[in-house]
Amino acid sequence: MTDRAKLMRQVQNHAFALNEAALYLDGHPDNEKAIAYYNRQHNLLRQAVCEYEMAFGPLMQNSEAATSGDRWTWVDGPWPWEGEN
Amino acid sequence: MMNDSASLPNWGESSNSARSIAGNRAAVGTGGNRGNGLTGIPLAMVYSPNQIWGAIYDPSLALQRGTLFPELDKPWVGEEVDRDD
């Protein structure tokens, strides 16, 4: 796995865990353990996205990294359909 | 061949109480005589107890298994986990 794929997989892992916790919370909104887990994964996801973006630019068009400095850096990374290089 | 038109099943006094449906099993529409000992048993009934937040998978395993929750991880035959790391 390339570095990029590793960082992307890290983002995917936490995004998935976050979504699963959200599904559980839909049915159990007062569950403290689930809320604590959700918050933890939310943080880890943010960190993983930040780590990816520092190395490979914005992950999403509306990410802050898309306008770092005075350039629209969204165009510098591969387009979504260009896949892994 | 004219299909037999069924009248509304008699669900008993209060239409949504499980007890009254079970109590009136013979009277409700259950799909006729199946000749396999299941005559009179409801054709389908959802079983979905309250899910307790217990042990959960690590995020990377959860993504591979498609669920965060071991109790929902049903390894159907012929399914294999994508191990690309």
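## Where two chains meet, and a pocket

Between chain A and chain B, about 1300 Å² of area is buried, and carbon and sulfur atoms give 66% of that area. Keep in mind as you look around that this is a predicted model. If you wonder what such an area tells you, the size of an interface is often given as the accessible area lost when the parts come together.

Let's start with the contact itself. Chain A brings 16 residues to it, and chain B brings 16 residues as well. What does the rule find across the interface of chain A and chain B when it looks for salt bridges? The number is zero. Polar contact is another story: six residue pairs, both partners at pLDDT 80 or more, are found across the interface of chain A and chain B.

Now turn to the side of chain A that touches chain B. Both α1 and α2 of chain A supply at least two residues each to that side. The largest share comes from α1(A), with nine residues. Sorted by class, the side of chain A that touches chain B holds seven nonpolar, six polar and three charged residues.

Next comes the largest pocket. Rolling a probe the size of a water molecule over the atoms shows where empty space is left. In the largest pocket, that space comes to about 370 Å³. Its lining is made of 20 residues, and those nearest the centre are Arg4(A), Met8(A), Tyr52(A), Leu59(A) and Pro78(A).

Which helices of chain A each supply at least two residues of this lining? They are α1 (3-27) and α2 (32-56). The most comes from α1(A), which gives five residues to the lining of the largest pocket.

Here is how the lining residues of the largest pocket divide by class:

| Class in the pocket lining | Number |
|---|---|
| Nonpolar | eleven residues |
| Polar | five residues |
| Charged | four residues |

Terms used:
Residues are numbered from 1 along each chain as its sequence is written. Chains are lettered from A and ligands numbered from 1 in the order in which they are written. This is a predicted model: local features need pLDDT of at least 70, side-chain atom pairs count only at pLDDT 80 or more; totals for chains, interfaces and linings use all residues. Side-chain values use heavy atoms; hydrogens and water are left out. On a 1 Å grid over the protein atoms alone, a cavity is a set of points where a 1.4 Å probe fits but cannot get out, and a pocket is an open set with protein on both sides within 12 Å along at least five of seven lines; lining residues have an atom within 4 Å of a point. Grid points are joined across faces, edges and corners, and a volume is the space filled by probe spheres set on the points. Helices (H or I, at least four residues) and strands (E, at least two) are DSSP runs, numbered from the N terminus. Ala, Val, Leu, Ile, Met, Phe, Trp, Tyr, Cys and Pro count as nonpolar, Asp, Glu, Lys and Arg as charged, and the others, Gly among them, as polar. Contact means heavy atoms within 4.5 Å. Buried area is the accessible area (1.4 Å probe) that two parts lose on being put together, summed over both. A salt bridge is a side-chain nitrogen of Lys or Arg within 4 Å of a carboxyl oxygen of Asp or Glu. A polar contact is a pair of N or O atoms within 3.5 Å; within protein, one must be able to donate a hydrogen and the other to accept it, and residues adjacent in sequence count only if both atoms are side-chain atoms.
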